[in-house]
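User: Please take a close look at the salt bridges in this structure. I would like a connected account of how the charged side chains pair and where the partners lie.

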Amino acid sequence: MLPQVQITHAHPTSRTPLHTISSPLRPPCKASEQIFLWRGVNSPPPSTIDNPVIQLIASRASCASLRDTASYGAGLRKFHLFCDIFSIPESNRLPASFELLHSFALWAPISVSVAQKYLSAIRAWHIAQGCLPPLSDVHHDRINWSLRGLENLQSSRRKPLRPPITLPMLTAIKDSLLLSDPFDACIWAMASCAFFGMMRFGEVAVSSRAAFTASKHLTRANAFFGFDLRSSPYARLDLPSAKTARAGEIQSVFLNEQGDLCPLAALHNLARIVPALGSDPLFSWRDVRGDIRPMAKVRALERINSILIGHGWGTSFGHSFRIGGASFYLAKKVDPEIVRIAGCWKSLAYETYIRAFEQISSQHMANASSL
C-alpha cells in the first residue's frame with residue numbers, strides 16, 4: 001500500500017500588454033464609448049439635412065442603436081494596434097479598405113470567430129462615424145474563404161506533439177526534490193511512474209482535490225508489488241478507469257527497476273514518507289494539518305516546471321512524460337509492439353510518437369547506457 005507535500009507556487013510570468021500609439025483621435029474613454037469618440041482624419045459625407053435638431057436626433061439615435069457597445073472595444077483597439085504596427089496612416093483607417101481589413105483578419109485572430117467579431121466592431125465603428133460599411137458581400141466572402149483556411153490549418157494542429165521528458169530532465173527533477181518531504185516525495189513518484197510506465201498525467205494526478213474518486217483514480221489499494229518469472233521485482237498499478245479502456249475494464253501499468261531513477265523505489269519512498277489507507281489516493285501527500293490530499297495536476301506541473309525552467313529546458317506538459325518514456329524504451333531497442341502494448345496505445349496514436357522519436361533520439365541514446 002502506498003502514501004503527500006507542500007509546494008511553493010511559482011508566480012506566473014506577467015505579460016506587458018501592447019498599447020496603441022496615443023493620438024488625439026483616440027481619447028481615453030470607456031470601451032463602450034470608443035466607437036463614438038474615436039475618430040478618423042477624413043470627414044464623413046453628410047447623412048442628414050443641415051439642420052441642428054435633425055442632426056442631434058441622428059446622433060442620439062446612433063448612440064442608442066446598439067445595446068452593448070462595450071464588446072466592440074477590444075476589436076477596435078486591436079485594429080488600431082495592427083495599424084500602428086504596420087504603419088498604416090490615419091487617413092487609411094477610416095474608411096478602411098478591403099485590403100486593409102483582409103490583412104487585419106489574417107493577422108488578428110485568436111480564433112476565426114474572434115476575427116469575425118473584430119470585423120463586426122470595425123463595421124459598427126464606421127457606421128457610428130457616419131461612414132458606409134467598409135466591406136461588401138463579395139469582400140466578406142473573400143475574407144471568410146481565408147478564415148476557413150485558417151480554421152482548417154488550426155484544426156490540423158489542434159494537438160501538437162508535446163516536448164518529451166528526457167533522462168537528464170528526469171534526473172534533474174529527482175536531484176532537485178527533497179524526497180523526505182511529503183509533497184516532493186509524491187511529485188517524484190508521479191514523475192518516475194509516468195515516465196517509465198508511459199502513463200497519461202491524468203492517471204497519476206487529479207484536476208482538483210474534490211475531483212478524486214476511487215472509482216476513477218488510483219488508490220493505494222490499486223498498487224501491487226511482486227516478482228516475475230525471472231525473480232525480478234516489479235509493480236503493477238491497476239487503473240480503475242483509463243482513456244482507452246471500456247467502461248468497467250481495468251488496465252494495468254507495469255513498472256520495473258530502473259537504476260537510480262527507479263519508480264519502484266519512488267513508490268516505496270512515498271509509502272514510507274506518506275503512510276495512508278488503502279482507500280486513499282495512491283499519489284497523495286499530507287498538508288500541514290496532517291490531512292491526506294490527492295496531488296492536483298496543476299500543482300505537480302508547477303513544481304516540475306519550476307525545476308525544468310531553472311535548468312534552461314523550458315516548460316513541459318503532462319503528456320511529456322508519456323512521450324519521453326516511449327522514446328526512451330525505443331532507444332533501448334525494446335520491440336515497438338511491446339512498447340505499444342505496455343503504453344496501452346491505439347496503433348494510430350502510437351505511430352505519432354514513433355514519428356516524433358527521430359527528433360529526440362540522440363538525447364536518449366546518449367544517456368541510456370548509464371542506467
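**Salt bridges, buried and exposed**

Analyst: At 60% relative accessibility, R289 counts as exposed. In this predicted model, the side chain of R289 meets that of D287 in a salt bridge, with 3.2 Å from N to O. D287, by contrast, counts as buried, because its relative accessibility of 7% falls under 20%. The R289 value, for its part, is over the 50% that marks an exposed residue.

This pair belongs to a wider set, as eight salt bridges are found in a search of the whole structure. Another of them joins R26 to E90, whose closest N and O atoms are 2.9 Å apart. R26 lies in the segment before α1 (34-37), whereas E90 lies in the loop between α3 (73-85) and α4 (98-107), so the pair ties together parts that are 64 residues apart in sequence. R26 is buried, with a relative accessible area of 8%.

A further salt bridge is formed by R93 and D84, with 2.8 Å between the closest N and O atoms. Both R93 and D84 are buried. These contacts are not isolated from one another: R26, D84, E90 and R93 are linked in a network of salt bridges.

A nonpolar surface feature may be set beside these charged pairs. I49, V53, I54 and I57 form a nonpolar patch on the surface, and together they have about 380 Å² of accessible area. Within this patch, I54 is found in helix α2 (residues 52-64). The relative accessible area of I54 is 36%, so I54 is partly exposed.

Definitions and conventions: Residues are numbered from 1 along each chain as its sequence is written. This is a predicted model: local features need pLDDT of at least 70, side-chain atom pairs count only at pLDDT 80 or more; totals for chains, interfaces and linings use all residues. Side-chain values use heavy atoms; hydrogens and water are left out. Patches are made of residues with over 30% relative accessible area and no salt bridge: like charges are joined within 9 Å, nonpolar side chains (Val, Leu, Ile, Met, Phe, Trp, Tyr) within 5 Å. Accessible areas come from the Shrake-Rupley method with a 1.4 Å probe; for residues, only the protein chains shown count as cover. A salt bridge is a side-chain nitrogen of Lys or Arg within 4 Å of a carboxyl oxygen of Asp or Glu. Helices (H or I, at least four residues) and strands (E, at least two) are DSSP runs, numbered from the N terminus. Buried means under 20% relative accessible area, exposed over 50%, partly exposed in between (1.4 Å probe, protein chains only).
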